[in-house]
Amino acid sequence: MIDLQLQHDLGAFTLDASFRAPNGVTALFGRSGSGKSTIIQIIAGLMVPRSGYVRIGDRVVFDQTQNINIPPQDRGIGYVFQDARLFPHLCVAGNLTYAQKYGRRGQADLGPIVDMLDIGHLLKRRPTGLSGGEIQRVAIARALLSSPSLLLMDEPLAALDAARKAEILPYLERLRDTVGIPIIYVSHDPSEVARLANTVVVLDQGRVQNVGPTEDIFSDTNTAPLLGVRAAGSILTAQVVAHCDDGLSHLKTSGADLFVPRVSRNIGQDIRMRILAQDVILSLHKPEGISALNVLKCTVIELRQGSGPGVMVKLQNGTDILLARITQRSAEAMRLTCGSTCYAVIKTVSVGAAEIGT
Amino acid sequence: MIDLSQQELSAIQLSLTVSFWAVIVTLPLGLWVSFILTRKTFFGQSFLNAIVHVPLVLPPVVTGYILLLTFGKQAWLGQFLENTFGVVLAFRWTGAVLAAAVMSFPLMVRSMRLSLEAVDPALEQAALTLGARRWVVYVTITLPLMLPGIIAGCVLAFAKAMGEFGATITFVSNIPGQTQTVPSAIYALLQQPGAEAQAARLVWISLVLSLGALAVSEWMARRSSTSRKGPHD
């Protein structure tokens with residue numbers, strides 16, 4: 001449990017944020033300049049805010065009114081920096097064992113962490129010889145090996161290209177599922193957040209706009225403009241039923257069957273995927289003779305008019321929420337209102353591999 | 001091997017001893033001063049900076065005279081040192097160390113500051129988040145990354161100390177066997193009619209010593225930079 005309340009001024013920028021986040025992965029999400037990096041630097045103790053407090057579990061690491069400011073080396077917080085910050089004069093093994101030699105000595109074990117991040121073959125190398133993806137995996141392992149009680153990750157994938165991102169995301173999912181410590185993950189990439197986070201804190205111009213479970217935040221029509229309407233989309237949880245011979249995977253959600261391009265998960269496993277609102281077509285009647293494989297019968301539960309020509313339609317199918325972005329003209333022509341029934345059409349090929357995670 | 005006179009031998013020995021101790025004395029002080037000048041802000045910072053650098057711009061004779069005024073037998077600091085610790089600096093080889101140290105200090109600090117400024121504080125922050133105390137971070141991250149600059153600073157200071165003349169001769173005079181360094185010996189020989197050959201020999205010797213120091217520093221700098229890169233570059 002992280003509980004914080006912060007006020008800080010940085011030039012013309014004012015940070016005034018407070019939120020509570022349960023354990024698990026909490027994403028601080030917002031555009032660049034929204035204050036996310038400032039917040040985690042304050043949590044780590046690398047920056048001192050004007051006022052406020054930071055509590056981690058039942059430990060107060062900063063409280064301006066009580067004059068508590070635990071220095072960063074005593075906070076027990078691991079930090080994965082955007083630029084990794086590996087020590088250039090030490091080899092990978094030297095970087096990994098730094099905390100155990102000179103810093104926090106904890107129970108963290110080298111072997112399992114090295115295996116989890118798949119960096120055993122790099123141990124003797126120097127950081128300068130590593131690829132971007134390898135550098136970030138070493139940086140994550142180094143932070144974990146300091147036995148932190150909280151792990152901060154500041155856009156660890158931002159400096160990587162799409163291929164490297166796709167390479168590291170499964171490691172981060174494994175990290176989330178195997179390491180029992182809370183993680184605060186800073187990102188401006190909706191698909192990363194959708195895949196990794198349990199809780200999302202949406203920041204805008206130094207203020208918290210919304211906090212909640214990832215599924216709720218992504219299906220919230222008020223948050224959609226902050227994500228950028230093109231990036232808005234809801235998260236569906238589904239179970240892999242079968243892998244078909246024609247390269248598709250058969251999934252089951254709470255209320256429907258879905259076909260998506262082959263996923264690299266085993267049958268029976270749960271996956272979560274983000275369906276972009278702009279990829280969803282609505283129809284009043286069950287469409288026939290069309291190429292799209294996924295047709296979900298839904299109930300409209302909310303319509304939200306944006307500032308442009310679009311309308312964000314929130315739909316329910318089973319227990320899942322789906323967002324569809326359509327034009328206002330269509331919404332009027334279809335006479336969509338809350339409670340009306342319609343069919344959501346999702347093209348199979350529109351579901352990209354980057355949007356599917358565990 | 002060329003035959004060296006007793007006077008030449010003792011001058012060479014004294015120059016090497018004085019320079020060695022000048023470096024040993026200024027090394028920790030240089031690290032400390034370069035750190036507070038680069039990483040801290042405090043009242044009187046630019047004054048300290050000026051004091052450190054003033055021997056660079058002052059005529060060496062003036063620096064030697066100021067040393068005499070502060071550490072001489074009649075000066076209060078000189079008397080204080082003699083009465084409490086039994087240390088006499090003026091006209092002793094230890095005074096030559098002080099003069100050489102003061103003169104070479106700005107060069108050492110300059111080189112250390114440049115290398116410290118090149119060390120990314122972000123790396124030190126990263127070490128802090130791994131739980132290392134501040135002084136441990138300094139020893140395990142900052143110092144190793146500064147190493148080429150530290151080596152360069154030491155070699156510069158050593159060379160400067162080897163060549164120091166004005167402040168030394170003013171502060172500790174030119175007593176053969178006691179305070180006569182190689183430069184003072186060359187100066188004394190040049191004052192003496194018919195001793196040009198002897199002077200030339202010392203000139204050659206000091207040339208060899210200086211070039212040797214330079215070569216050693218090059219070698220050490222190269223070694224520390226290759227050990228930092230490793231085999232996969």
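What share of the 233 residues of chain B count as buried? The figure is 37%, where buried means that 20 or more other C-beta atoms, placed from the backbone, lie within 10 Å of a residue's own, exposed means 12 or fewer, and partly exposed is in between.

Before you click around: this is a predicted model, in which local features need pLDDT of at least 70 and side-chain atom pairs count only at pLDDT 80 or more, while totals for chains, interfaces and linings use all residues. Residues are numbered from 1 along each chain as its sequence is written, and chains are lettered from A and ligands numbered from 1 in the order in which they are written.

**Stop 1: chain B**

Select chain B and show it as a cartoon. You should find ten helices and zero strands; helices are DSSP runs of H or I with at least four residues, strands are E runs of at least two, and both are numbered from the N terminus. The C-alpha atoms fill a box of roughly 65 × 50 × 30 Å along the principal axes. Among the chain B contacts with a separation of 6 or more, 75% come from residues 24 or more positions apart. A contact here is a pair of residues with C-beta atoms, placed from the backbone, within 7 Å.

**Stop 2: where B touches A**

Now add chain A. Here 21 residues of chain B are in contact with 23 residues of chain A. On the chain B side, the elements giving two or more residues are helix H6 (121–129), helix H7 (134–163) and helix H10 (196–229). H6(B) supplies the largest share, seven residues. Colour that side by class and you get eleven nonpolar, six polar and four charged residues. For the colouring, Ala, Val, Leu, Ile, Met, Phe, Trp, Tyr, Cys and Pro are nonpolar, Asp, Glu, Lys and Arg are charged, and the others, Gly among them, are polar.

**Stop 3: the two domains of chain A**

Select 2–218 of chain A for domain 1 and 233–357 for domain 2; these bounds come from an automatic or database domain assignment. The C-alpha centres of the two domains of chain A lie 32 Å apart. Nine residues of domain 1 of chain A are in contact with eight of domain 2 of chain A. On the domain 1 side, helix H6 (162–178), helix H7 (190–196) and helix H8 (214–218) of chain A each give two or more residues.

**Stop 4: helix H6 of chain A**

Stay on H6(A). Its 17 residues should span 24 Å at 1.5 Å a residue, and the end C-alpha atoms are 25 Å apart, which agrees; the expected span is 1.5 Å times one less than the number of residues. Look at A:Ile168, where H6(A) bends by about 25°, with a proline, A:Pro170, following within four residues. The bend is the angle between axes fitted to the seven residues ending at a residue and the seven starting there. Show side chains for A:Lys165, A:Ile168, A:Leu172 and A:Leu175, which are buried in H6(A). Their cover includes helix H5 (132–144) and H7 of chain A.

**Stop 5: two loop residues with positive phi**

Most residues other than glycine have a negative phi. Go to A:Asn67, in the loop between strand E5 (59–63) and strand E6 (68–69) of chain A. Its phi is positive, about 60°, and A:Asn67 counts as exposed because it has 7 C-beta neighbours inside 10 Å.

Then jump to A:Arg85, in the loop between strand E7 (77–80) and helix H2 (92–96) of chain A. A:Arg85 has a positive phi of about 55°. Is this residue buried or exposed? A:Arg85 is buried, with 22 other C-beta atoms within 10 Å.

Notes: Two residues are in contact if their C-beta atoms, placed from the backbone, lie within 7 Å.
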